Amino acid sequence: MDRFAQFAAVAAQQACQQANLSPKGEDPYRVAVIIGSGIGGISTLSQQFTVLSERGPRRVSPFLIPMMLGDMASAQVSMITGSMGANYCLVSSCSSGADAMGQAWDMVRTGREDIVLAGGTEAPLVPVSVAGFNALRALSRRNESPAQASRPFDKSRDGFVMGEGSAVFVMESEESAARRNVEPLAELRGYAATSDAHHLTEPSATGESAARAMVMALAEAGIDSSEVGYINAHGTSTPLNDKHETKAIKVALGEDAYRVPISSSKSMTGHLLGAGGALEAAICVMAMRDGLIPPTINLDEPDPECDLNYTPNAALKLELDVAMSNSFGFGGHNSVLVFSKPRQGRQE
């Protein structure tokens, strides 16, 4: 397995263990797997291209293709767990993990699957990937102080820091959880996705499309903006994303944008690209569970254009019932998930 698939395989097994789930003990054709990844097995591709260049085509590994394909994380999870329902990779750049969860949510609530193992995974820390993002001028150049390099919403931010990893959820209906006698961690109440239709890498300056995704997700959830207790921002630490996301949150939430605590956990984890949305969904769930909102670290001098409550440098103890997670990606993707603490008597 390429490293990105290894991450997903372990995360999925940990999720099943925490959820007391053995897919082999369920109808295997009613358990699906959707794992998002923006880049897939780029480490294997990079290594084998070196082999091709230096030693010729006869020495290229026969495992190159089945290790580099983006769907191999979901395929490996399917084989390891015995899940025989739908099994695929969803690719929408840095929205991939969030969109995978949104697709899983739709599958469960429409009855197409009973259970879906859903999330994201990424392992992009190889020279060609770093060089590519660096050529885009998307990465921070604060190389002399790496611990301070990821600084979303700060006036001196200059790009993101790449991270790697995976987050996977066991997603099922309340009926399924009750049948298995397990307590849900949270409820996914709403999901929406829009497109900027604007630029390959640059977010729309108006913030309108991203705002529309937030409004649609809240409407789908049946939740008013006044009920939102926390927003995990996309917050990449790039000059354009952070100011445009600030504008989008204002457009979507109106006056509530100034009330709700917001933070970018990427200040601490780096940007996991296609896995980011799933990891940040987990952080939203943990924030509700623990009553603790994570900070945006390195926020020393707020950008005047990023003037919302971005929870600077210290975690905030706060009981909350609703959390929203934003994921945006190259290609104009805007994906939003809305979570709440579990409710009784619901079927989603």
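## A tour by selection

Helix 5 and helix 11 lie roughly perpendicular to each other. This is a predicted model, so treat each stop as a feature of the prediction.

**Stop 1: the helix crossing.** Select residues 96–109 for helix 5 and residues 276–290 for helix 11. Their axes come within 5 Å and cross at roughly 70°. That angle falls in the 65 to 115 degree range, so the pair counts as roughly perpendicular. Now show side chains at the contact. Helix 5 brings Gly97, Ala98 and Met101; helix 11 brings Gly277, Ala278 and Ala281. By class, this contact of helix 5 with helix 11 has four nonpolar residues, two polar and no charged ones.

**Stop 2: Glu280.** Stay on helix 11 and pick Glu280, then add Lys266 in helix 10 (residues 266–269). The two form a salt bridge, with the closest N and O atoms 2.9 Å apart. They sit 14 residues apart in the chain. Are these partners buried or exposed? Both Glu280 and Lys266 are buried.

**Stop 3: strand 11.** Select residues 333–340. Seven of the eight residues of strand 11 are buried, so the strand is largely enclosed by the rest of the structure. Next, add its partners. Strand 5 (residues 187–195) runs antiparallel to strand 11, joined to it by eight bridges. Pick Ala192 and find its bridge partner in strand 11, Val336. Strand 10 (residues 322–329) is also antiparallel to strand 11, again with eight bridges. Here Gly329 has His333 as its bridge partner. Follow the chain from strand 10 to strand 11: the two form a hairpin with three residues between them. In the turn, Gly331 has a positive phi of about 100°.

**Stop 4: the open sheet.** Move to the four-stranded sheet, ordered 2-1-3-4, with mixed pairing. Which strands stand at the edges? They are strand 2 (87–90) and strand 4 (165–172). Each has a single partner strand, so one side of each is left without a neighbour in the sheet. From one strand to the next, the twist averages 15°.

Inside the sheet, select strand 1 (residues 31–36) and strand 3 (residues 115–122). They run parallel and are joined by six bridges. Ala32 stands opposite Val116 in strand 3. Now add helix 1 (residues 3–18), which packs on the sheet and touches strand 1, strand 3 and strand 4. The direction of helix 1 makes about 40° with that of strand 4.

**Stop 5: two salt bridges across the chain.** Select Asp300 and Arg151. Their closest N and O atoms are 3.0 Å apart, and they form a salt bridge. Asp300 lies in the loop between strand 8 (292–293) and strand 9 (316–317), while Arg151 lies in the loop between helix 6 (127–135) and strand 4. The two residues are 149 residues apart. Compare their surroundings: Asp300 is exposed at 56% relative accessible area, whereas Arg151 is buried at 5%.

Then select Lys155 and Glu301, another salt bridge, with the closest N and O atoms 3.9 Å apart. Lys155 is in the loop between helix 6 and strand 4; Glu301 is in the loop between strand 8 and strand 9, 146 residues apart. Glu301 is partly exposed, with a relative accessible area of 45%.

**Last stop: a charged network.** Select Asp106, Arg109, Arg112 and Glu220 together. Salt bridges link these residues in a network. How many salt bridges does the model hold? The count comes to 19.

Terms used: Residues numbered from 1 in each chain as written. Predicted model: local features only at pLDDT ≥ 70, side-chain atom pairs only at ≥ 80, totals over all residues. Heavy atoms only, no water. Axes fitted to C-alpha atoms, helices over the stretch in contact; angles between N-to-C directions. Parallel < 35°, antiparallel > 145°, perpendicular 65-115°, else oblique. Contact = heavy atoms within 4.5 Å. Nonpolar A, V, L, I, M, F, W, Y, C, P; charged D, E, K, R; others polar. Buried < 20%, exposed > 50% of the residue type's maximum accessible area, 1.4 Å probe, protein only. Pairing = 2+ DSSP bridges. Salt bridge = Lys/Arg side-chain N within 4 Å of Asp/Glu carboxyl O.
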